[in-house]
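Open your viewer and keep the selection tool at hand. This tour tells you what to pick and what to look for at each stop.

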Amino acid sequence: MPASTKVGSVTRQRYEELVDRDRKLVLDESKIQFKVGDDALEIEPLRQHGGSHPSTDEEACGVRQTLEMFAEDVGLSYSQVRIYRYTAGKWPAEHRAEGVPFEIHRILEKLEDRFERILKPPRHPRNGRLQWTGDAAKRQVGWQVDTPKTVQEKVEAIHDLASDEQVAVRVATDFLRRPAVAFRAAGDDTARHLFNKAQSHRAVQAEKNAEAPVPGQENPVAPAVRAIDRTLEFLDLVGACHKFVSSTSRLVPLVRDRDLSEDAREVIGHNLSRVRAACDWVEHAVSTGETDMDEELARLLRGE
């Protein structure tokens with residue numbers, strides 16, 4: 001990237017100066033965090049716990065009370081001191097990676113091979129350097145990253161944000177209003193089946209809950225039910241087209257250099273005639289709304 005290129009409101013050169021300075025500050029802070037953790041370990045060493053709740057065991061031994069007093073005397077919160085102490089205990093001084101922030105050590109602390117893993121930083125996708133970042137460390141332990149990059153990470157982030165049902169419904173509804181998304185979703189057999197099932201249950205429920213219509217007037221839920229039916233029909237029709245295109249795209253290349261018999265070519269030709277007739281019928285129905293078929297077309301689609 002040219003030196004004259006700006007990053008935000010500063011030049012690239014000034015940006016690099018700020019990064020160098022602040023990285024040193026981060027590493028200085030890391031040294032302080034480890035030092036506080038080591039001091040807390042000296043006051044209250046980590047204990048070997050047989051149970052599944054070590055924090056509860058330590059509380060019973062009075063560890064929390066001592067660490068709370070220590071935190072108060074040095075001007076930190078108990079939770080900070082607890083984190084510093086635990087991470088310092090998981091990373092003996094001889095295994096701490098020089099130039100790697102405390103936060104990276106904290107993220108990697110649960111890995112069995114952490115002492116070896118931290119010495120092999122991944123390559124940064126932007127600058128190409130071997131360098132630890134918070135997200136790179138989180139990927140190593142399977143945590144959700146702060147800035148999703150891959151499709152799977154973005155999907156996981158959306159799922160996390162849409163954990164609330166009301167949010168999930170709004171997101172799914174908005175996405176299905178995109179024609180391309182609706183088309184591809186209709187190609188998923190499971191998704192289409194669940195959607196159809198849910199819509200059918202919704203229609204039945206709407207009819208049961210509706211008040212009896214006034215004689216001579218249409219049931220008030222009828223328009224909604226018809227709209228649901230049209231949606232289902234649209235998705236099924238789009239899905240059928242998608243399946244045909246997908247299947248032919250996969251199968252046609254397989255007949256390359258194959259010597260088909262006359263009977264085989266005749267069978268394929270007959271079925272292609274049915275496909276063309278069906279496509280013409282679909283196009284006519286979509287354009288005009290007329291779905292009637294004559295007897296000849298009916299026989300052809302039946303394969304007679």
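The stops below run from the whole chain to helix pairs, a core and a few single residues.

**Stop 1: the whole chain**

Show everything as a cartoon. This is a predicted model. The protein chain has 14 helices and two strands. Now switch to a surface view. The chain exposes about 22,200 Å². Carbon and sulfur atoms supply 54% of that area. How much of the chain is buried? Buried residues make up 20% of the 304 residues. Next, think about contacts with a separation of 6 or more in the protein chain. Residues 24 or more positions apart account for 43% of them.

**Stop 2: α1 against α4**

Select residues 12–43, which form helix α1, and residues 78–90, which form helix α4. Two packed helices are described by the angle between their axes and the distance between the axes. Here the axes come within 7 Å and cross at roughly 85°. Angles from 65 to 115 degrees count as roughly perpendicular, so α1 is roughly perpendicular to α4.

Show side chains at the contact. From α1, pick Gln-33, Phe-34, Val-36, Gly-37, Asp-38, Ala-40 and Leu-41. From α4, pick Val-81, Tyr-84, Arg-85, Thr-87, Ala-88 and Gly-89. Colour them by class. You should find seven nonpolar, four polar and two charged residues.

**Stop 3: Gly-89**

Stay on helix α4 and centre on Gly-89, which is found there. Is Gly-89 buried or partly exposed? Gly-89 counts as partly exposed, at 29% relative accessibility. Draw a distance from its C-alpha to that of Ala-40. The two are 9.7 Å apart in space, although 49 residues apart in sequence. Leave aside neighbours within four places in sequence, and Gly-89 is in contact with Leu-41 and Leu-46.

**Stop 4: α3 against α4**

Keep α4 and add α3, residues 63–74. These two helices pack at an angle of about 110°, with their axes 8 Å apart. α3 and α4 are therefore roughly perpendicular to each other.

Which residues make the contact? On α3 they are Val-63, Arg-64, Leu-67, Glu-68, Phe-70 and Ala-71. On α4 they are Tyr-78, Val-81 and Arg-85. By class, this contact has six nonpolar, no polar and three charged residues.

**Stop 5: the largest nonpolar core**

Hide the surface and look inside. The largest nonpolar core has 24 residues. Which of them have the most contacts inside the core? Select Leu-108, Ile-118 and Trp-132. Helices α1, α3, α4, α5 (102–108) and α7 (134–141) each supply at least two residues of this core.

Zoom in on Leu-108. Apart from neighbours within four places in sequence, Leu-108 is in contact with Trp-91, Arg-114, Ile-118, Trp-132, Ala-137, Gln-140 and Val-141.

**Stop 6: α7 and what follows**

Select α7. Its buried residues are Asp-135, Ala-136, Ala-137 and Lys-138. Where do they pack? The buried residues of α7 pack against α5. Then step past the end of α7 to Gly-142. The phi of Gly-142 is positive, near 80°.

**Stop 7: Ile-158**

Jump to helix α8, residues 151–161, where Ile-158 is found. Ile-158 is partly exposed, with a relative accessible area of 41%. Draw a line from its C-alpha to the C-alpha of Val-171. They are separated by 9.1 Å, and the two residues are 13 apart along the chain.

**Stop 8: Leu-260**

Finish in a loop. Select α12 (222–251) and α13 (262–288), then find Leu-260 in the loop between them. Leu-260 has a relative accessible area of 30%, which makes Leu-260 partly exposed. What does Leu-260 touch? Not counting residues up to four places away in sequence, it touches Arg-265 and Ile-268.

Conventions. Residues numbered from 1 in each chain as written. Predicted model: local features only at pLDDT ≥ 70, side-chain atom pairs only at ≥ 80, totals over all residues. Heavy atoms only, no water. Axes fitted to C-alpha atoms, helices over the stretch in contact; angles between N-to-C directions. Helix = DSSP H or I, 4+ residues; strand = E, 2+ residues; numbered from the N terminus. Parallel < 35°, antiparallel > 145°, perpendicular 65-115°, else oblique. Contact = heavy atoms within 4.5 Å. Nonpolar A, V, L, I, M, F, W, Y, C, P; charged D, E, K, R; others polar. Buried < 20%, exposed > 50% of the residue type's maximum accessible area, 1.4 Å probe, protein only. Areas by Shrake-Rupley, 256 points an atom, 1.4 Å probe, with all protein chains shown as cover. Core = buried A, V, L, I, M, F, W, Y, C linked by side-chain atoms within 4.5 Å.
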